[in-house]
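User: Hi! Could you walk me through how the copies in this model sit together?
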Protein chains: 4
Amino acid sequence: MNALGFGVIGVGEMGSCHAENLRHCIPGGRLVAVADVNADRAREVAARLSVVGCESTEALLARRDIDAVVISSPPKFHVSAIQAAAAAGKHIFCEKPLALTIEEADTALEAVGRAATFLQVGHMRRYDPAYAEAKKRITAGEIGRVVIFKSLGRDYESSPSTASQTPINGTLFHDSSSHDFDLARWLTDDEVIEVHAFSGALAMPETRQFNAFDSGVINLRFAGGAIGNVESFMHAQYGYDVRTEVVGTKGTLQIGYLQQTPLVALTRSQRSHDVLTHWLARFAEAYRREMSDFVSRVREGRPPAVSGRDGRQSVAIAMAAIESQRDGRVVRVRQ
Amino acid sequence: MNALGFGVIGVGEMGSCHAENLRHCIPGGRLVAVADVNADRAREVAARLSVVGCESTEALLARRDIDAVVISSPPKFHVSAIQAAAAAGKHIFCEKPLALTIEEADTALEAVGRAATFLQVGHMRRYDPAYAEAKKRITAGEIGRVVIFKSLGRDYESSPSTASQTPINGTLFHDSSSHDFDLARWLTDDEVIEVHAFSGALAMPETRQFNAFDSGVINLRFAGGAIGNVESFMHAQYGYDVRTEVVGTKGTLQIGYLQQTPLVALTRSQRSHDVLTHWLARFAEAYRREMSDFVSRVREGRPPAVSGRDGRQSVAIAMAAIESQRDGRVVRVRQ
Amino acid sequence: MNALGFGVIGVGEMGSCHAENLRHCIPGGRLVAVADVNADRAREVAARLSVVGCESTEALLARRDIDAVVISSPPKFHVSAIQAAAAAGKHIFCEKPLALTIEEADTALEAVGRAATFLQVGHMRRYDPAYAEAKKRITAGEIGRVVIFKSLGRDYESSPSTASQTPINGTLFHDSSSHDFDLARWLTDDEVIEVHAFSGALAMPETRQFNAFDSGVINLRFAGGAIGNVESFMHAQYGYDVRTEVVGTKGTLQIGYLQQTPLVALTRSQRSHDVLTHWLARFAEAYRREMSDFVSRVREGRPPAVSGRDGRQSVAIAMAAIESQRDGRVVRVRQ
Amino acid sequence: MNALGFGVIGVGEMGSCHAENLRHCIPGGRLVAVADVNADRAREVAARLSVVGCESTEALLARRDIDAVVISSPPKFHVSAIQAAAAAGKHIFCEKPLALTIEEADTALEAVGRAATFLQVGHMRRYDPAYAEAKKRITAGEIGRVVIFKSLGRDYESSPSTASQTPINGTLFHDSSSHDFDLARWLTDDEVIEVHAFSGALAMPETRQFNAFDSGVINLRFAGGAIGNVESFMHAQYGYDVRTEVVGTKGTLQIGYLQQTPLVALTRSQRSHDVLTHWLARFAEAYRREMSDFVSRVREGRPPAVSGRDGRQSVAIAMAAIESQRDGRVVRVRQ
C-alpha cells in the first residue's frame, strides 16, 4: 500500500511539529506539502523539510498526491478549512478545539458527513502512555465505579499578547480546558451534562480588554451521577503543569508529573529538581502516536479514535462553561 | 503561674486525643476531669488517665479547679455547651465545626461575647508544620498574589452508619469541607463570597435516606477576585488524603502527602509504598501544637488563633454550599 | 507491677532524650535520677524534669529505687559504667557503640554475664517503623534471598571539634557506621565476615590531626555469600540523610527519605522541599518504641531485642573496617 | 558538506538501535550498510532499513561511500574491528567496553593512532540530559569539592545464557560497571587509582560454571583523595535501575529514576507506579544525542567526547576490580 500523502495547513508551533513528525517518523505517512497564511513561514518550513510550500490552502487541497490534511491553523479558521478539505475529498486530522462554537462545529461535521471523508480531532492526550494506561485500568475496573473526576492544566508563562488572540484562538476554556473536557468524557465513558464556572483575568488583569480570562475553575456533573472539577490557568510561572485524577469507589489514579530530567540536587536545606516548561516536551510521544494511529485508521478503514462528535462535545462543554462564568449560574451542556 | 485546669466535654475519638494530650504533654495545661453523655465512656477515659469522670457537663462546669473546657461533643451540641461554659466563666476550646447553622454559631458567639471568655475554634490544620510554613511563605510574598486556591479532603472508608449521624454531626461540608473553607480564608487572607457546589451520595448510595452526600466539589470566589475549588469525599478506599495547593502569580505551594513510613518496595514491575489511613496519624503534631498554643494564649491574654468569627465563617461557607448543591445555583456567603 | 525505676548516666543530647521520654511517655518506666560528669548539666536536666540529680554514677547506682540504668555517656566510658551497673545488680540499656574495642566489649559482656543482669544495646533503628516493616517483609520472603545490602548515613554538618573527640567517642565507623553494621546483620539475618574500607578526612582535612576521618566506604562480605557496601559521611551540608536498601532475588526494599514537612514549592523552573537535618527528628518515634520495649522485656523476663553480642559485633565490624582503611587490605571480622 | 556515510558492524540490539537512528534521525549522518556475523540478521536489518547488507566486515570496510563505522559487535571482537577499520581509514565509533583487556585496548589505540583516524567510545551516559546537567553543575562548583562518588547499575532479568557469553562479552564489570567507571572519572574529573571488589554469582548460582558473577560491589579511591563505591547487579527482577550520586562539600546530586509513565495508582493501602525495565527506554535520547555529536565532531574536526584513553581506563578499572575480587586484595589501577 502506498504511503498516505499529507498536507499540513497552518505551520505554527503545533503544525510544524506535525509536519516534522510526518516528514521523519510516521510509518505509512509521507509529507507532501505545507501551507500557511504567513507565506514566509510556509516557505521556511517547506525548505527545512524539503517539501512543497503552497501559496494557499486551495493550492494545497488541489494536489492529487495529497490524501489527507492536518488542520493546525487557528481555531477560528478550522470550520472553513474542514469544509474545503472535505469538499476536496481529503481525510482530515483537525487540531483541537474543533471549532469556536457549537454552531461552527455542527457545520464542520455536516460537511464531513456529506463528503464521507474521515475526520479525527487532535485530543492527543488520549495517546499519552500514562493516560492510555489509565483508561485501560479504569475500563478493567481497577478503581471501581468513577465518582470524582479532577483535572488541571496550567500553561507556562502565556503573554498578554496571547490573550489578545482570543477572537481567533478562543478562550482559555477552548484552548486549555477543552483537553480536560475531552479527558472527562473519555476516561469516565460518560457525558458531562451540567457545568458551573468561575473565572478571572487574575494573573494578567490587562487582558480584560480582550474579554479574556486567564484562570478558571469549572464544576462538572456527569449523566451517570459522578461529579468533577477542572482548573485551567494560563500563566503559571513555575512550569507547564498538567495533572488528572480519577477517583473511584475502589481507588484513585493520578496522571501527571513535573520533572524533566531525573536529576535531584540537595544543597543547604533544600531538595530540588527541574520542572517541565513546554507542552511539546510533555506530549512529544503522544503527538507521534496520535499521527501514526491516524494513518493506520485511515488506511485500514477503521473509525477515528477521537470523532467529530467528541470534538464537538469538548466545544459544547466549553461554551456552557463560558456562559456559566459570564452569567453566574449553572448551565446545561448541549448534547 | 498555676497550670490551667481543663475539663474535656465529649471523649469520643477526638476528645480522647485532646484529653490524652492535656494529661501528658501540654505545658501549662492540667487535665482535671472529663464528661460524656456516654457515662461508661467517661468513666473508662477518666480511669485510664487517672482524672475525674463527671456525670454531666453541668457537674464538670461546676468545678472550681477547671479554668477551661474543650468541647468535643457532636457539633449539634456545641452551641448549648458553649452557652453553659461561657455562663460558667470558662475559657473555651471548641472543636470544628463551631455549629451546624449560622444561627447557632451567632447564638454561641453572643454568649461568649456576653461572658467575655476566651473562645478558640479547632481548625487545627493551621498548626500543622507544613500549613504553617505555607502561610508564612505566602505572607512573605514567595508566590506573589494568590490566584487559585485548591484543596481536597478524602476520608478513609467512612461507613453508612457515619452518614446516619448527619443530623447531629452535620453534612460532609460541615465535617470535612469546613477544614478547607478555613484554610481558604486563612491562607489567602481573604473572604469567600460566593460558592457553587455539586454533590452526590455516589460511593454509598444507600445513605441518601439520611439526606447525606459523600462527595462534593465546591467552586469558590473570593472578595479579592481569586477563585478556587474544594473537593470532599467521604469514602476513599485507599487512605486518608488531604492536599491543598495555593497558586500565585509567582509560583505555587503544595501541601500534602500520603506516605506513612519511609519504606518503598520494588517488586516485579511495580514500585510501591504504604499510605496514611488515619487523620490522627496525619495531624498528631498539629493537635499538640494547637492545644499548647491555646494554653499560652489564655494564660498570656492574647487573642485566639482561630476566632469565633473564623469558626462562624467556615459554617457560613458550608451553609452556602449546602444551599447551592440543593438548589442548583450559585449562592452568596453570608458575611 | 511497680514501674521500673530508671537512672540515666550521661545526659548530653542523647541521654536527655532518653530521660525526657522516661519522664513523660514510657509506660511502666519511671525516671528517678540522672547523673553526668558535668554536674551543672546533671542539675539542669534534673531540675527541668523534676527528678534527682546525682553527683556521681556511684551515687546513682547506690539508689535502691533504681532498677535499671540508661548508659549514654561517651563510648569510651561505657565499659566501666556497665561493669559498675552490673555489679550493682541494675538492668542496663547501653547506647551504641557498646564499646570502642572488641576487648572492651568482651569485658563488658563478661561483667553482665557474671551479674546475670539484663543488657540491651541502643541500635534504635530496629525500632523505626520503616526498618521494622522491612525486617518483617524480608523474613516473610517478599524479596526472596538477600543478595546485596546497601546502607548510608550522612550526618548534618559535624564540626572539626566533634572530630577532636575521636579518642572518647570513637571514629566515624564507631559512631555512624555501627548503625549500618547492625542493620546489615539484622536485616539479612547473617554475619559479616570480611570487610574492605577506604576512608579520608575529605570534607574537614584539618581533622587529620586527631587521626579522624569524615568519609568512608566499606565493602562487606556475609557468611552466606551476600555482599554489600556501607557509606558514612560526617559532614553533609544538605541534611541528615540515612538510607538503606536490601536487594533480593525477587525485589528490593528501600528505607529512607529526606523530607521533613509535606510542603512542596514550585517557583520559577524549580520544584523543591525542605530536608531533615536532625537525627532526633528522624528517629524520635524509634527512641520511644525502643525504651518502651526495653521496659516490657525487663519486666516480662524476655531476652533483649539487641543483645550484647549484637552490640559487640557492630564493634567488631567497625574494628575490622578501621584496620582495613589503615592497612589497605581486606580484613576478616572477629566473630 | 555531504552527509557522513555510515556502516554498522554488528546489528544486535545495540547495533540495530544505532542503525535505526542513523537511518532516520541523525542530521549529517547517512546509513549506507550494515554487517553482522549472523548473515540472516544483517539481511533482515538491511531490508527493514532499506540499506545494503554486507556479507562481511571486510566488504563493508571496502566501500568508498562509508566514511565512518559503528562497531557494536561483541567486545571480544572490538580490537580486530578497530584495527581493520583504522587500516581502511574509517572514523570509528566503538561501543563500550572498548576491549576485554588493557592489552587489547592498547593495541586498538595504537592502530587508531597510526591511522590517525577518529575514535570515540560509546559511554552514552555522558549524553543523558540528567548526567550532562550534573556534569555542568559539578564543574560550576554547585556541590563544592567532590568527596564521595556512588553509582549503581542493575540490569533487568538477565538470563544464565547471557552469563555463558562472558568469554566474548566480558564480565559484569566490563558490561555494566564500566559505565559507572566512566562516570566516576568524568563526573569527578579525576582518576581512579585503587579499587577493592567483592563479587558473587548470587542470584544465578548456576552461572559459576562460566566463571561469571552477577553481583559486585567495588570500592574506589581517586587520585585527588575522593572515595567511592560502585554496585553492579545483573538480575534485578523489579526493573532496570541506574542511579548515581555525587556528594560534595556543599551538597549532593542524584541522578536516576525508575518510573516509566507518569501514572500513579492508589488502591487499598498502597500507592504504586510502574518501573522502567529496558535500558533503551531509559537512554533512548542519550543514544541519539551521542551519535549526532559524533557526526558533528568528525565533520568539524573536533576531538572525540569520549576518547580512546577514556575507553581504555574504564577497561583498566574493570581489570583491577576483576583481579581484586579474585585475589581478595586491593589492586592499583594501571594508568
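User: What turn and shift lay chain C on chain B?
Analyst: Chain C goes onto chain B by a turn of 180° and a shift of 0.0 Å along the axis, with an RMSD of 0.0 Å. The superposition is by least squares on the C-alpha atoms of residues with pLDDT of at least 70 in both copies. In chain C, His24(C) has the C-alpha nearest that axis, 3.4 Å from it.

User: Any ground rules I should know?
Analyst: This is a predicted model, where local features need pLDDT of at least 70, side-chain atom pairs count only at pLDDT 80 or more, and totals for chains, interfaces and linings use all residues. Residues are numbered from 1 along each chain as its sequence is written, while chains are lettered from A and ligands numbered from 1 in the order in which they are written.

User: Now A and B: how many residues are in contact there?
Analyst: 30 residues of chain A are in contact with 30 of chain B; contact means that C-beta atoms, placed from the backbone, lie within 7 Å.

User: Which element of chain A gives the most to that side?
Analyst: That's E10(A), with five residues. Strands are DSSP runs of E, at least two residues, numbered from the N terminus.

User: And how are A and B related?
Analyst: A turn of 180° with a shift of 0.0 Å along the axis lays chain A on chain B, at an RMSD of 0.0 Å. The two copies are therefore related as by a two-fold rotation axis. In chain A, the C-alpha nearest the axis belongs to Arg329(A), at 2.9 Å.

Terms used: Contact = placed C-beta atoms within 7 Å. Helix = DSSP H or I, 4+ residues; strand = E, 2+ residues; numbered from the N terminus.
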